[in-house]
Structure formats: C-alpha cells, structure tokens
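Visitor: I am new to this structure and would love a close look at one part of its interior. Could you pick a buried spot and lead me on from there?

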Amino acid sequence: GTSQGTVTDIDGNYSLHVTGEATVLVFSSVGYVQEEIVVGSQTIIDLSMVLDVTSLEEIYGTQRKVDVTGSVGVATAEDILANPSFNALQGLKGKVSGVNIFSNSGSPTGSPRVMIRGISTINSSSDPLVVVDGVVMEDFRFLNPNDIERIEVLKDASATAIYGARGANGVILVTSKRGGRNNDVVISYDGYLSVGRIRKKMDLLNAEEWLEVIERGYENAPKYKDYAPGEEPVLTRNDPNLFDSNGNPLYDTDWQDEATRTAVSHNHQLSIQQGGEKSSIGAFLNYSDNQGIMLNSWMKRVNAKFAFDTDPKEWLSMGINMMVNKTWENETEETGGHQMPRRTIIEMPPIFPVKFPDGSWSNSFTIDDNFGLEAMANPVHVLETQERLRDRTQVFGNAYLTFHLLPGLDLKTQLGIDSHTREYKFYSPKDLINISAPNGRAEIENNEVFYWQEETYLSYNNTIGDHRINSVLGLSWQERTYTWNRSRTQGFADDFFKYNNMGAATIPDPPSSGYEKWSMNSYFLRIGYTYRNKYLATITARADGSSRFGENNKYGYFPSLGLGWIISNEGFMKDASSIDQLKLRASYGITGNTEIGTYRSLATVGSGTVLINGERAASSQVNRLANPELEWEKTAQFDVGINLEMYNSRITLELDYYHKLTSDLLLDRPVPHSTGFGSVIDNIGEVSNRGVDFLINTKNITGGAFQWETALNLNYNKNSIESLGENDEDIFPGPWWVSGSQIILRVGEPLSSYYGYRRLGTWGTDEADEAANVGAVPGVAKRSTEKEIIGKGMPDWTGSFINRLYYKNFDLTVDLQFVMGVDVLQQFFHSTEDRTGYANGLSTILYEGWTEENQNTMVQQIRNAPLNGQNSEIDDHWVADGSYLRGGLILLGYTFGNDYLAKSGLKGLRVYASVDNAFVLHSKDFKGYDPEATSWGNDQWGQNIFFFQYPKPRTFTLGVNVKF
C-alpha cells in the first residue's frame, strides 16, 4: 500500500527499513508470481520465487506464459500511461516489437495507423483485429487508456490462428481494469494538464520575399511567352488597403502563427475498486478535454465503466463489464488537396491581414491589383467559422457465466456487444471563397453500428505427472449491422440556420441512406501440451463461415502448429547458473482476412433516378458481376524465435524471424467487355513479408539509491509483391493526383512504391537546343522520359530506445523513437515550389531557384504561373529520406515516501512533468512539419504521402496520481 521499496543485488540480498509488525512486503519480478509476506517480528526474510503460470490471458481460456509457443508482445498499464495521451495507441508505440504505429497527425481527432509485421493485403483492410475483454471493438482509438490493465499483441500464426478469418493482420488483446483485491477499497485519482505548441514551422517567404518572387516572375514572363513590345505584363502595388504610398506592404502576416495556438488540454480519471472474498467491483469515470493547436479544433470525452465479478457458488462464476463512451469533436479537414486551413496556412500570401481595420475578413481576392492569385479564404476565417462537429456514443461490454464442471474443466459462455451511434453536422459559411461561397453548405449524417458476438467454449487445464494439458473447444456467432442516412443542401440566404434548418436552403441534394449486414459462424479448437516442463506443442484449428464470401466458399479453415523447447530445463544446462530461462519456439499456420465490403461476391443492383420528359423517374442497373467462388485472403506464416532471461531477469531478450505469404488476394480481375463490365473481384496475387523482431530489456544498475533500466526495440520488415494474376501486370491504385496514380503495384517491388519521374537537374543555358527538342527552355526541370519507382512509404526499420532511471524517489524516462529506410513524398512541392505566383511558397523558390548565375540547382527558375503556366510533375525531387530520430517522451516523476503518506493518510502519491515530441532529427531535404504523416486519410497507400498536414505539437504536461 505504499511506494516504499528496494531492489535486490545479483545474489538476492536486500535491506529495507519498515515500521510496525503489520507491514506487508510485496515481492515481485517480471515473469514470477507476486508474493506477500507480513513482516511480524522477523528481521531476515528469505524467499524463493516461482514462475508465473497465468500471466498471459487470451480470449479463449488461460495459458501459462511458459507454455506459449507463439510470438506475443505485452505492454502493461504503466507502459501505456507513461505517455499521457488521449489515445491508447500512442502509449503502445515503441513498447512491443513487430508493431508499427504511425502517428500521422497532430490533431486531437487524428487516428494512428497500426501495422503488425508489415502490410499483407491490397484491397482489404490492413488493420489488426482489436479485442477488448473478449469482444471485438471498433474505433479503439476512442477507448479511455486509463481503463486499460494490459495489452497483448499476437503476432504469429500460432497466436492468431484461434481468430481464424480475422487474424491475418495480427490481433491486439486488451484487458481492462476490473475490481479490487484483498478485501480492500482503493480510490484513485489520476489527472494531468498539458500545454502544446507547434514544434516546427515551415520555412516560407515573408511579405517582401514573396513580392520579390512575384516581380521576378513578371520579369521572366517574356521568356515563357511571346509578348509584343509594350504588352509585357505590369505588376502594380496600388491597393491602399495593402500597400503604402511607396508600394511597401502594410502587412507581413505569419499565417502559421495566426492559425495555431497554445493548446491547453486536461484529463481526469476517478477509479473505485473494491474486492471481497467472493466478489469484486470496479467503477471508473473519465473526463478529457483535448485542444488541438489549430484554432477551434478540439475533442472531449466522457467515459464511464463498471465491472462486477462474483462466485456465487463453488460451481459458478459470473460477471459483467459495461462501458459507455461519449465523444464530441470539432475536426479539421485533413484529406486530399482542397483549399483548407492545413494548406492555406502555408499558401495564403503574407501581404493580407487576418481582418481589415473595418473588421472584414481578408481573402486572396481582397486586392485591387491584378496579381492573378488563386482563390482561397484565409485559414483563420475558415477555422473560426466553419463547423465540422462529430458526436459519438458507444455502448460496449459483455456478460459471462462460467460453470466449473470438474476439476480443471470449465464451460464458459459470454455475450458481448459493441454499439455506436454517430452524428456528423457540417456547415460552411457563404463567404468562404473556393469552399462554400456564395451559397453556404450544410450537411447532416447519422449512422448506427450494432455488433454482437456470442461464444461458448469448454476449457480443460490439468497436470498429470509430467504432462500438462491446456485445451479449448468452442463455437462463436457474430453479426454486424450498419445503417446510415445523409442530407446535404446549399443556397442559404444567410448563415443563421446552419445545419439546424436544412429546409431554409434552396438547392438541396437528393437525400441518401443505406443498410448493410454481415455475419459469421465459427468453430475453434486449441490444444496445448507440455511434457516435463521442457517440450511444448500447441495445435490450433478454426473454421469460419462468412456471409461476405461466395456461395461456394462460405467457409474457410485456418490451422496452426506451434512447438517449443525450454532448453534451460534440460539437465545439461544445470551448470549455466546465469540463465534463468532459454526457450526456443517455432510455429506455422494460416490465418485469413475478411475485411472487404459487404455483398462483394454478389451481382448487386443499384437504384437511383433519371430525368425523363422533364420528370424524375426511378432507375436501376446491375452494379457488378457475381463471383460465387470468392473466398478469403489467406496468410501463411512461419515464425522461429527465442526467449532468453539471464541473471535473475536482469537481461531479457526476445528474437523472432518470420516469413508471411499472403495468397488469394482480393483484386479486380479484368473480364471481356462483352460482359458489360470491366472487371470482377477475384482471388489473385501474392504478397510476402519477411522480417525480424528484436526486444531486449536490461537492468543496467540495480540495488542502492540509483537504478537504471533500458529497453531496445528493433523491427525489420521487407515487403514484396510476388504475383498479380496471370500476366503480373502493374496496378495503379492511387492516390490519383498530379501525374496520375502516385503509387504503383509491381511484382518484385514493395507495396507503397512511389511512381514518378527522375529529376536530373534543371536545363542550363548551354543546353538550350537540347531542351527545345523536348519543348523546354533553360531554367525548367530536366526529367527522365519515363516514369519509374522513386521511393517507398513503408520503413525497413522501426524501433525505440527507452531508458528509465531511478534515484531514491525520483524517476526519469527518456523514450527515443526511430525510423530508417523509408521515404516521404512531399506532394506540397507541387504548389509551394514548382508552381509560383498563385500563392505563397517555400523560401527555396527565392534562394535556391535557377538563375543564370545559379544553374546547378534542382529548383526551377521563378516564373509566374497565372501568366505562363507551370511545370509540375511528380518526380524524385519531391521525395525525401523519411528516416528520423524522435525525442518521443522525456518524463521526470517523484513518488512520495512512506513517511509523508503516513502523515497525509494517503496510500500513494506521485507527481510528474513531461515533454512529448521534444525534438525530431530528420533529413535536410524534408521541408514539412513532420516526416511521419499522410493527407490521404485511410487510403491504404497514403502512408508518408501528403499534400499538407496538421502539425504535431511539442507538449508539456504536469500530472498527479493519488490513491486514497
């Protein structure tokens, strides 16, 4: 009940000063059963600890940690909450080997992308399956991280095959907090206050520099277009609202400063846990208010959770676990290439103010001089007046009954639900040019998701002499329904009604709605066998039937085999006293992926309306060809690994090599045009992933007042497309933007390969004739004649290096994260460097651009695009090395000692201060905010490809943990 403690030396010696014979010593070590001993009158207490036999809990029964043959990573509540965050996935980042979590946005509403051991699919989802307390959960990003007890990540087929058709992308198992123990009542409060500010600004042109660029563009205009004498364009600076009498700009607005703010966020968690002899209760309440650093972006959450477990009879256990999660947010648009604030904080010319002295908003057209600017509302105007409100309510939980039939034999049945009600309300005012002017636009969308699952299974756990058996046999039903409706309209007289009176607008869109349902029925078996605590085997089999697949292939079958050898328990290892445990394990199995849209195997009929003789009439048409043979994508995975613990767990190591091959990819196969269609979805193609997961934890210094622990996590993955159907033809999946699809899928190359030209430099004056042959002039980009692969968006190496230092009651955590072997496609180069005159841009335009005196450069000569067009194509000048080293977290804490707690009446008190995203070291060729990002939302191929991005803040936090 206190924070007072010590650590033994390598021989197990320790000393500890305590007061009172009622003091209880708690002995704990990773991988061993926690023991509690009352001191009494003893002055020497010796203890031999035993291995923890139940520290890995899965959805189907409990398996001893030592018996596990699969590859499983674990993160505790302490690991996850070390980084104060609204999102539990942020706390998991860098804690488990083989798991990549891409933090693509600084927005409080942004969602990290999770990838376990690479990407193995093309058209299906690559997201892992998330199971919370035995129930599959959608929108895990909104779960309150304070409610989490531990997270286990299942990575190989031996671990994930029990999830069959949904386990191909890995499985994240979440165990939430429940009731208390030891007939005690514990009341806890955890809270923090965070202050965030933009960490880095992009290097842009100021007002004088931008005007110089515009003037040079006018000066160079005759070079790019023939003008008769006296007809050359003339630039004026006569607008009195923007220039003084000498033509000097009145304003020099830093839009990055004006559109961002110091964001203040806070989080509060209250927990009450009580335990008794036969029952336990836990109640948890959370409130979180998260501000984004861009103006008016925010998210709030109220989360309530209740858990009750009881053993009313010796033969019966039962419990219920329910959660209600409510979130509100005003989001900032982050996708595509629209004229939205994440773009205009960069491109809005600095000569404009936020507002003019009369209080009117500026925009790029509030100028009398003919600059030929692109139409854009200023970002502050958009952020302050546009509403993008999302309201979500989630009800989640389960109830279970466990019948203890015989010693070691249990029958468990549980029913779980995950229900979501979501509302989106949008209004964009009448005065936002190039967005919603002159009519204003309103939208309301509502959708509901209801998912349920029922599972009943027998579990048998017993030890008979040298034999230990752990087995599970069961069946499962799951169903998900999704309904939605949407109304859109425009043509408002003013901005008064917004989305509150859609009928006040004069130009409504036709209303739309939809309904979807899918269901699954499954049967599963797992047998774990251990002989003499040395030889391990796990056999898993699952059959899944899904409504989403073809009539002739509804069911898929997913087996796996895992073998293990605890070498350290062999007689020949008895003299290796330094080794606590050495386990060799290997597994092979098949898992599946069902994550495609509903009804894809059917010949569906679309409905709509058409105009006939000036009147609207109903219409229908066949949307797609049927494929009754459509079946699961299958991922076969081989894994071999070792687990090593040495020197009383001062060194623990996990090392895995894996090879994943995904076949029967769900792709669109071309069909003869005589069918009336271009393609039909079918099972063709293969993708492979090979890699290594490595995690080592060391206790470098133990005993005494100073202690030091280190964790090094390394993940290597090589991804390759093995086949794409009969002819292995290239596929161009998008995102479609400048120069077409910017991603290519090609056999022998990794997924997420960028496709574009090579920039060979810029044409020099001595190459004028050669340039003319390709329609160019000196000063423009010199590119390859054909497109080729110019980079990739998925990293070879990811990892973290975490150090924890303790001195008396102080603790210091330094968490460094790194990525190597990846590229960033800086799409914003299109409009901030290769196309000048329409908007503001990077300072490289002025200081690195081609001139007759500076011809050895990659940056093109300044020319004015409104006058002379542009020369902008995707090429490798847009690509930068995406490797980085990030100061993810630096945290200093202080835990109050026993003396203070005795005086205050508290059971525990800790205060801490931290800085998150302290620094990022990256390539000088990268010109954006952060090298890990996307502006393509959930696009499968959008990783590290972005036009513009929501900047990530540097965040300072003060927090407290109190136990009463």
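Guide: Let's begin with the word itself: a residue is buried when its relative accessible area is under 20%, exposed when it is over 50%, and partly exposed in between, using a 1.4 Å probe and protein chains only. E329 is buried because its relative accessible area is 1%. R392, at 10%, is therefore buried as well.

Before we go further, please keep in mind that this is a predicted model, where local features need pLDDT of at least 70 and side-chain atom pairs count only at pLDDT 80 or more, while totals for chains, interfaces and linings use all residues. Residues are numbered from 1 along each chain as its sequence is written, and side-chain values use heavy atoms, with hydrogens and water left out.

What joins R392 to E329? The two form a salt bridge, with their closest N and O atoms 2.6 Å apart. This pair links distant parts of the chain, 63 residues apart: R392 sits in strand β17 (residues 387-406) and E329 in strand β16 (residues 316-330). Two terms need a word here. A salt bridge is a side-chain nitrogen of Lys or Arg within 4 Å of a carboxyl oxygen of Asp or Glu. Strands (E, at least two residues) and helices (H or I, at least four) are DSSP runs, numbered from the N terminus.

There are 49 salt bridges in the structure, so let me show you some others. R804 forms one with D79, where the closest N and O atoms are 3.7 Å apart. These partners lie 725 residues apart along the chain, R804 in strand β41 (residues 797-807) and D79 in helix α1 (residues 77-81). Both R804 and D79 are buried. In another bridge, the side chains of R783 and D875 meet at 2.7 Å, N to O. Here, too, distant parts of the chain are linked, 92 residues apart: R783 belongs to strand β39 (residues 781-783), and D875 to the loop between α12 (865-868) and β44 (879-881). R783 and D875 are both buried. Salt bridges can also join into a network, as they do among R117, K155, R585, D639, D656 and D693.

Next, the rings. Phe, Tyr and Trp rings (for Trp, the six-membered one) pair if their centres lie within 6.5 Å; planes under 30 degrees apart count as stacked, over 60 as edge-to-face, and the rest as tilted. That rule gives 24 aromatic pairs. One of them is Y427 with F492, an edge-to-face pair at 5.5 Å centre to centre and 85 degrees between the planes. Y427 is in strand β18 (residues 409-428), and F492, 65 residues away along the chain, is in the loop between β20 (467-490) and β21 (507-508). Both of these residues are buried. F926 and F946 are also edge-to-face, because their ring centres are 6.1 Å apart and their planes stand at 75 degrees. F946 is in strand β48, and F926 is in the loop between β47 (920-922) and β48 (945-946), 20 residues apart from its partner. With a relative accessible area of 2%, F926 is buried, and F946 counts as buried at 0%. Both belong to a cluster linked by ring pairs: W737, F828, F829, W878, F926, F946, F947 and F948.

Finally, let's visit the empty space. On a 1 Å grid over the protein atoms alone, a cavity is a set of points where a 1.4 Å probe fits but cannot get out, and lining residues have an atom within 4 Å of a point. Points are joined across faces, edges and corners, and a volume is the space filled by probe spheres set on them. The structure holds 14 cavities of 30 Å³ or more, and the largest contains about 730 Å³ of space. It is lined by 36 residues, with S85, Q90, D916, P953 and T955 the closest to its centre. Strand β12 (185-198) is among those supplying at least two lining residues; its four residues are the largest share. The second largest cavity has a volume of about 140 Å³ and a lining of 16 residues, of which K93, N100, I101, T798 and G799 lie nearest its centre. Strand β6 gives the most to that lining, with four residues.

Technical notes
1 Å grid on protein atoms, 1.4 Å probe; cavity = no way out; pocket = protein on both sides within 12 Å on 5 of 7 lines; lining within 4 Å.
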